[in-house]
Amino acid sequence: MAVWYALADLFLSRLDAETAHGLAITALKSGLSPRDRTPDPVSLAVKVWGRTLPNPIGLAAGFDKNAEVPDAALGMGFGLVEIGSVTPRPQPGNPRPRLFRLPQDRGVINRMGFPGEGQDVALSRLKPRSRRGFVGVNVGANKDSVDRTADYVTGCTAFAPYADYLVCNVSSPNTPGLRNLQGRVELADLLKRVQDAIVAKPVPLIVKIAPDASDDDLDDIVAVCRDLRMDGIIIGNTTLSRPASLVSARRGESGGLSGAPLTTLSTDVLRKTAQRVEGQFPLVGCGGVGSGADAYAKIRAGASLVQLYSALVFEGPPVVRRIKDELATLIARDGFSSVSQAIGADV
Ligand SMILES: Cc1cc2nc3c(=O)[nH]c(=O)nc-3n(C[C@H](O)[C@H](O)[C@H](O)COP(=O)(O)O)c2cc1C
């Protein structure tokens with residue numbers, strides 16, 4: 001598997017990043033990608049929203065925007081997979097190029113702008129699949145929508161019967177104005193409308209926020225989520241900030257930054273969120289996870305689940321096994337018998 005992947009990696013890393021991503025999806029669709037067949041250590045099992053997952057490492061939104069490969073992605077060894085963001089109607093997204101590797105920084109900048117085939121196509125792929133594994137659907141809004149909140153209601157209503165959890169993504173920096181939905185009044189209105197719409201098909205409903213949220217923003221977001229008894233928050237999306245330490249040629253591109261340069265910021269904001277949530281619902285830590293130590297830091301900062309995307313760009317599917325093994329070692333080192341015992345240890 002290592003040799004197979006090293007060759008594929010050599011080839012893919014020379015291609016434009018979005019072309020390489022398209023080939024990775026094609027390989028997964030045709031069953032060509034390596035599978036992780038080693039059972040997960042029992043210490044990694046985690047219970048969340050009434051379900052027990054084999055491990056807490058998830059694939060973040062953006063990799064499988066159109067629900068083409070949820071089962072193949074689970075086969076890479078992820079404990080959960082999030083498809084989307086899906087918008088109600090198909091849309092092209094921003095002009096290419098819009099996805100850039102920052103190799104020296106182990107970072108990625110993207111300004112995709114929710115390109116996708118739209119809700120009906122994603123639904124047609126999810127409906128016939130047998131419900132194995134834990135697959136969430138991340139919902140977004142069309143760029144030209146006149147009522148963006150209505151787009152979240154439409155998406156969540158449509159996907160509720162076919163998703164193990166739903167995410168309202170109000171934090172993409174690449175759809176102008178979308179992040180305004182994180183404001184106290186706007187967010188409360190949006191989430192309440194979605195909750196009301198899916199009341200007949202209760203499925204965990206969570207919201208994905210930006211790592212650029214200020215302390216005041218976090219006060220508001222958490223107050224709304226606690227008031228509405230939401231099921232969780234993902235912290236977080238890509239950042240508009242640019243650490244001075246970036247050295248890669250593409251560091252000046254506009255868009256959201258992810259990968260290693262985002263690790264500390266997103267874990268700090270996760271910890272601040274956990275302090276405000278006080279265990280009322282689970283948190284998902286996302287941003288710059290590239291090692292078991294990164295995942296463990298997020299768990300200790302309050303995450304029940306962890307997600308990644310950019311690390312896959314640089315290391316491919318073997319990164320999932322490596323992170324799980326490293327995480328199991330760290331848990332055992334600190335005397336925990338289960339990952340659940342470490343959740344929030346640093347909060
Ligand atoms: C190319 C690309 C596309 C993304 N698309 C989405 C998206 O459609 N919806 C979303 O909620 N997050 C999206 N994200 C953000 C990721 O889900 C994740 O929050 C972010 O990249 C931080 O994690 P990472 O550092 O492990 O990549 C995207 C990220 C990348 C790199």
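How many disulfides does the structure hold? Zero. Good morning, everyone; please keep in mind that this is a predicted model.

Let's start with the cysteines. C168 is in no disulfide, and the nearest cysteine sulfur, in C156, sits 4.0 Å away. A disulfide would need the two sulfur atoms within 2.5 Å. As for its surroundings, C168 counts as buried because its relative accessibility is 0%.

Then there is C286. Why is C286 not bonded to the closest cysteine sulfur? That sulfur belongs to C168 and is 16 Å from the sulfur of C286, so the two are too far apart for a bond. C286 also counts as buried, because its relative accessibility is 8%.

Now, on to the ligand. There are 25 residues around it, and those that come nearest are A61, S85, G259, G288 and S310. Let me walk you through some contacts. A polar backbone atom of A61 is 2.6 Å from an oxygen atom of the ligand. With K65, the side chain is involved: one of its N or O atoms is 2.8 Å from a ligand oxygen. At G259 we are back to the backbone, where an N or O atom lies 2.8 Å from an oxygen atom of the ligand. On its own, the ligand has 600 Å² of accessible area, and the protein covers 98% of that.

Which strands should you look for on the screen? β4 (80–86), β6 (107–110) and β11 (256–259) each supply at least two residues of the shell around the ligand. By residue type, that shell divides into 14 polar, nine nonpolar and two charged residues.

Thanks for listening, everyone!

Conventions:
Residues are numbered from 1 along each chain as its sequence is written. This is a predicted model: local features need pLDDT of at least 70, side-chain atom pairs count only at pLDDT 80 or more; totals for chains, interfaces and linings use all residues. Side-chain values use heavy atoms; hydrogens and water are left out. Buried means under 20% relative accessible area, exposed over 50%, partly exposed in between (1.4 Å probe, protein chains only). A residue is near a molecule or strand if one of its heavy atoms lies within 4 Å of it. A polar contact is a pair of N or O atoms within 3.5 Å; within protein, one must be able to donate a hydrogen and the other to accept it, and residues adjacent in sequence count only if both atoms are side-chain atoms. Accessible areas come from the Shrake-Rupley method with a 1.4 Å probe; for residues, only the protein chains shown count as cover. Helices (H or I, at least four residues) and strands (E, at least two) are DSSP runs, numbered from the N terminus. Ala, Val, Leu, Ile, Met, Phe, Trp, Tyr, Cys and Pro count as nonpolar, Asp, Glu, Lys and Arg as charged, and the others, Gly among them, as polar.
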